[in-house]
Amino acid sequence: MNNDRRKRLAVLAERLTDVHSFLEDLRNEEEIALENMPESLQQGDRAQAMAELVVELDEALSQLDDVISSIVGCAA
């Protein structure tokens, strides 16, 4: 791989790392909102949807970690 493509991959990895950070912040905010929800509402549909979103964001973060690692490996 030439240097230009390597640099472009490095830029892409950096951008994806920024996206990862943004998603992680959203995931953490959702989890905190869920934890701060009154107990009387924690068994409701909204709380369940929030909990499912946290799980889905965890999965997306894990997959994004894999993508970033692969790109960094290619750019090395």
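This is a short walk through the structure shown above, from its helices to its core, its salt bridges and its surface. The model is predicted.

Start with two helices. Helix H1 covers residues 3–35, and helix H2 covers residues 45–75. Many of the residues below belong to one of these two elements.

Turn first to the inside. The largest nonpolar core has seven residues. They are Leu9, Ala13, Leu16, Leu64, Ile68, Ile71 and Ala75. Which helices supply this core? H1 and H2 each give at least two of its residues. H2 provides the largest share, with four residues. In soluble globular proteins, nonpolar side chains tend to be buried together. The residues of this core are buried because burial, under 20% relative accessible area, is part of what defines a nonpolar core.

Now look at the charged pairs. How many salt bridges does the structure hold? There are three.

One of them joins the side chains of Arg8 and Asp4, with 3.2 Å from N to O. Both residues lie in helix H1. They sit four residues apart, which is about one turn of the helix. Arg8 is exposed, with a relative accessible area of 54%. Asp4 is partly exposed, at 45%. The cut-off for exposed is over 50%, so Arg8 at 54% passes it. Asp4 at 45% does not, and therefore counts as partly exposed.

Another bridge links Arg27 to Glu31. Their closest N and O atoms are 2.7 Å apart. This pair also sits within helix H1. Arg27 and Glu31 are separated by about one helical turn because they are four residues apart in that helix. Is Arg27 buried or exposed? Arg27 counts as buried, at 11% relative accessibility. Its partner Glu31 counts as partly exposed, at 28%. The limit for buried is under 20%, so Arg27 falls below it.

Arg27 has a further partner. Its side chain meets that of Asp58 in a salt bridge, with 2.5 Å from N to O. Arg27 lies in helix H1 and Asp58 in helix H2, so this pair ties together parts that are 31 residues apart in sequence. Asp58 is partly exposed, with a relative accessible area of 34%. Salt bridges that share partners join Arg27, Glu31 and Asp58 into one network.

Next, the surface. Which residues form the negative surface patch? They are Glu24, Asp25, Glu29, Glu59, Asp65 and Asp66. Helix H1 and helix H2 each give two or more residues to this patch. Take Asp25 as one of its members. Asp25 lies in helix H1. Its relative accessible area is 41%, and it is partly exposed. A patch residue needs over 30% relative accessible area, so Asp25 at 41% clears that limit.

Some distances help to place the parts. Arg5 belongs to helix H1. It is partly exposed, with a relative accessible area of 43%. Arg5 and Cys74 are 69 residues apart in sequence, yet their C-alpha atoms are 9.9 Å apart in space.

Ala49 is found in helix H2. At 44% relative accessibility, Ala49 counts as partly exposed. The C-alpha atoms of Ala49 and Leu34 are separated by 9.8 Å, and their positions lie 15 residues apart along the chain as a sequence separation.

Ser62 is also found in helix H2. It is partly exposed, at 35% relative accessible area. Ser62 and Leu12 are 50 residues apart along the chain. Their C-alpha atoms are separated by 17 Å.

Where does Ala76 lie? Ala76 is in the segment after H2. It is exposed, with a relative accessible area of 78%. Ala76 and Asn36 are 40 residues apart in sequence, and 43 Å apart in space from C-alpha to C-alpha.

To sum up, H1 and H2 each supply at least two residues of the largest nonpolar core. The salt bridge of Arg27 and Asp58 ties helix H1 to helix H2. The negative patch, too, takes two or more residues from each of these helices.

Definitions and conventions: Residues are numbered from 1 along each chain as its sequence is written. This is a predicted model: local features need pLDDT of at least 70, side-chain atom pairs count only at pLDDT 80 or more; totals for chains, interfaces and linings use all residues. Side-chain values use heavy atoms; hydrogens and water are left out. Patches are made of residues with over 30% relative accessible area and no salt bridge: like charges are joined within 9 Å, nonpolar side chains (Val, Leu, Ile, Met, Phe, Trp, Tyr) within 5 Å. Accessible areas come from the Shrake-Rupley method with a 1.4 Å probe; for residues, only the protein chains shown count as cover. A salt bridge is a side-chain nitrogen of Lys or Arg within 4 Å of a carboxyl oxygen of Asp or Glu. Lys and Arg count as positive and Asp and Glu as negative; His and the chain ends are not counted. The place of a charge is taken as NZ of Lys, CZ of Arg, CG of Asp or CD of Glu. Buried means under 20% relative accessible area, exposed over 50%, partly exposed in between (1.4 Å probe, protein chains only). A nonpolar core is a set of buried Ala, Val, Leu, Ile, Met, Phe, Trp, Tyr and Cys residues joined through side-chain atoms within 4.5 Å.
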